[in-house]
Amino acid sequence: MLACEIHGAKDLRVAERDVDALKPTDVRVAVKAVGICGSDLHYYQHGRVGDFVIREPFTPGHEASGQVIEVGAEVSTVRPGDRVAINPSRTCGVCRYCRAGAFNHCENVHFFGSASRFPHMQGAMRESIVVEQRQCIPVPASLPFEIAAFGEPLAVALHAVNRAGSLLGKTIMVVGAGPIGALTLMAAKLAGARELIAVDIVDQTLAACARVGATCTIHAGRDPAALDALAQAKGLVDVCFEVSGSYAGLANCIRVTRPCGTIVQVGTLSGSSEGCPFNQIMVKSLSLIGAFRFTDEYEWAVDYLSRKVIDVSPLLTEAMPVARVHEAFALAGDRTRAMKVQVTF
Ligand code: ZN
């Protein structure tokens, strides 16, 4: 089996690996499409994500779909030949968080493509992968594998919207208009938001958001006056989604959110927080809410994609065969050219 492996910064290799053994409740899936996410890019570019440093050959990828090729003796939910979206989160089901339904905080989670633990939790960017049957969500034959692989990022977006509460009739703003930002905007639209504002510093990502439903796009670098206008009268936006992971982005959210409004933190914040007006969270009685990964939203996401309730195809920049994986990562790292790039097998 071929597997993509990151050995360190800018050191990605395609290696031949043995396939994993199959337990009675396991499913072997031939991976067909894997999206490149921001964290995958970070591991590739820097050999680390924050404190998580690559210490052994590491296979990235957690946005995957494929076709079942073998099932264990006790598997009843899928059969060889079934097309599936693969939930990258294998939770324990018994810890206090799982028992409370907060699967995204499982104490014993195995999540594809994360170096947060050692040995690392290997990802899905390989020819085949062994998962538990409950991680396999069947999809119709009419759904392209590339679209099915959007299940994970769409689940993140749906979870962010869920965390915000009702959006019916609301004005929402998404700061950071990459794939997760664009999907959050689409999820907010699905949830009934009326005005959908996308903010970024790259024209191409804003154009992509306009294609998927943004009613207004703002280039934060070139047009700060547009943000000033939203900040008047203590703020005109009901709910902000901070997806950029920058304190400058969070500062804009705090400025434009109306008193008693909500900010959902979706991005991984890094850099200096100096100058971020945190005190306004108190002054304006804002609710600042975190949104980490997803719980039940993965299955909802796959259902929405399967029934074409949400059309994510405008966000797919290119799906490249694994032989072009280096090119794929280079393209994914260029925000002026790429929204979502995938690797196919
Ligand atoms: Zn658990």
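## Accessibility and the loop at Gly169

Residues are called buried under 20% relative accessible area, exposed over 50% and partly exposed in between. In this predicted model, Gly169 has a relative accessibility of 32%, so Gly169 counts as partly exposed. Gly169 is found in the loop between helix H4 (151–164) and strand E12 (171–175), and its C-alpha atom is separated by 5.1 Å from that of Ala193, although the two residues are 24 apart along the chain.

Ala157 belongs to helix H4 itself, and at 0% relative accessibility Ala157 counts as buried. Between the C-alpha atoms of Ala157 and Val175, which are 18 residues apart along the chain, the separation is 13 Å.

## The zinc site

The zinc ion has four cysteine sulfur atoms as its protein donors, namely SG of Cys92, Cys95, Cys98 and Cys106, which lie 2.3 to 2.4 Å from the ion. Along the chain these donors follow the spacing C-x2-C-x2-C-x7-C. The angles among the 4 donor atoms run from 101 to 119°, and the site is tetrahedral; for four tetrahedral donors, the ideal angle at a metal is 109.5 degrees.

Accessibility is given here for two of the zinc donors, Cys92 and Cys95. Cys92 has a relative accessibility of 27% and therefore counts as partly exposed, whereas Cys95, with a relative accessible area of 6%, is buried.

## Cysteines without a disulfide

The count of disulfides in the model comes to 0. Cys240 is in no disulfide, and its nearest cysteine sulfur, that of Cys253, is 4.2 Å away, whereas a disulfide would need the two sulfur atoms to be within 2.5 Å. Cys240 has a relative accessible area of 0% and is buried.

Cys260 is likewise in no disulfide, the nearest cysteine sulfur being that of Cys240 at 15 Å. With a relative accessibility of 53%, Cys260 counts as exposed.

## Aromatic pairs

The model contains 5 aromatic pairs. In one of them, the ring centres of Tyr43 and Phe58 are 4.7 Å apart with the planes at 55°, so this pair is tilted. Tyr43 lies in helix H1 (residues 38–46) and Phe58 in the loop between strand E5 (52–53) and strand E6 (63–71), so the contact ties together parts that are 15 residues apart in sequence. Tyr43, at 2% relative accessibility, counts as buried, and Phe58 is buried with a relative accessible area of 0%.

Tyr247 and Phe278 form an edge-to-face pair, with 6.3 Å from centre to centre and 80° between the planes. This pair links distant parts of the chain, since Tyr247 is in helix H8 (residues 247–256) while Phe278 is in the loop between strand E16 (257–265) and helix H9 (279–283), 31 residues apart. Phe278 has a relative accessibility of 36% and counts as partly exposed.

## Arginines over rings and a cis peptide bond

Ring pairs link Phe111, Phe294 and Tyr298 into a cluster. Phe111 also has a charged partner, as the charged end of Arg293 sits over its ring at 3.7 Å from the centre.

The charged end of Arg55 sits over the ring of Phe118, 4.2 Å from the ring centre. Phe118 also precedes a cis peptide bond, which leads from Phe118 to Pro119 with omega near -5°. Pro119 is found in the loop between strand E9 (110–111) and strand E10 (128–132). Most peptide bonds are trans.

## The E1–E2 hairpin and positive phi values

Strand E1 (residues 2–8) is mostly covered, with 5 of its 7 residues buried. E1 runs antiparallel to strand E2 (residues 11–16), and 6 bridges join the two; one bridge pairs Gly8 with Asp11 in E2. The two strands form a hairpin with 2 residues between them.

Lys10 lies in the loop between E1 and E2, and its phi is near 60°, a positive value in a residue other than glycine. Most residues other than glycine have a negative phi. Lys10 is exposed, with a relative accessible area of 57%. Lys308 too has a positive phi near 60°; Lys308 lies in the loop between helix H10 (297–306) and strand E18 (316–321), and at 54% relative accessibility Lys308 counts as exposed.

How values were computed: Residues numbered from 1 in each chain as written. Predicted model: local features only at pLDDT ≥ 70, side-chain atom pairs only at ≥ 80, totals over all residues. Heavy atoms only, no water. Phe/Tyr/Trp six-rings, centres within 6.5 Å; stacked < 30°, edge-to-face > 60°. Helix = DSSP H or I, 4+ residues; strand = E, 2+ residues; numbered from the N terminus. Buried < 20%, exposed > 50% of the residue type's maximum accessible area, 1.4 Å probe, protein only. Lys NZ or Arg CZ within 6 Å of the ring centre and 35° of its normal. Donors = N, O, S within 2.8 Å, 3.2 Å for Na, K, Ca; no water. Tetrahedral: all angles 85-135°; square planar, octahedral: opposite > 155°, others 65-115°. Pairing = 2+ DSSP bridges.
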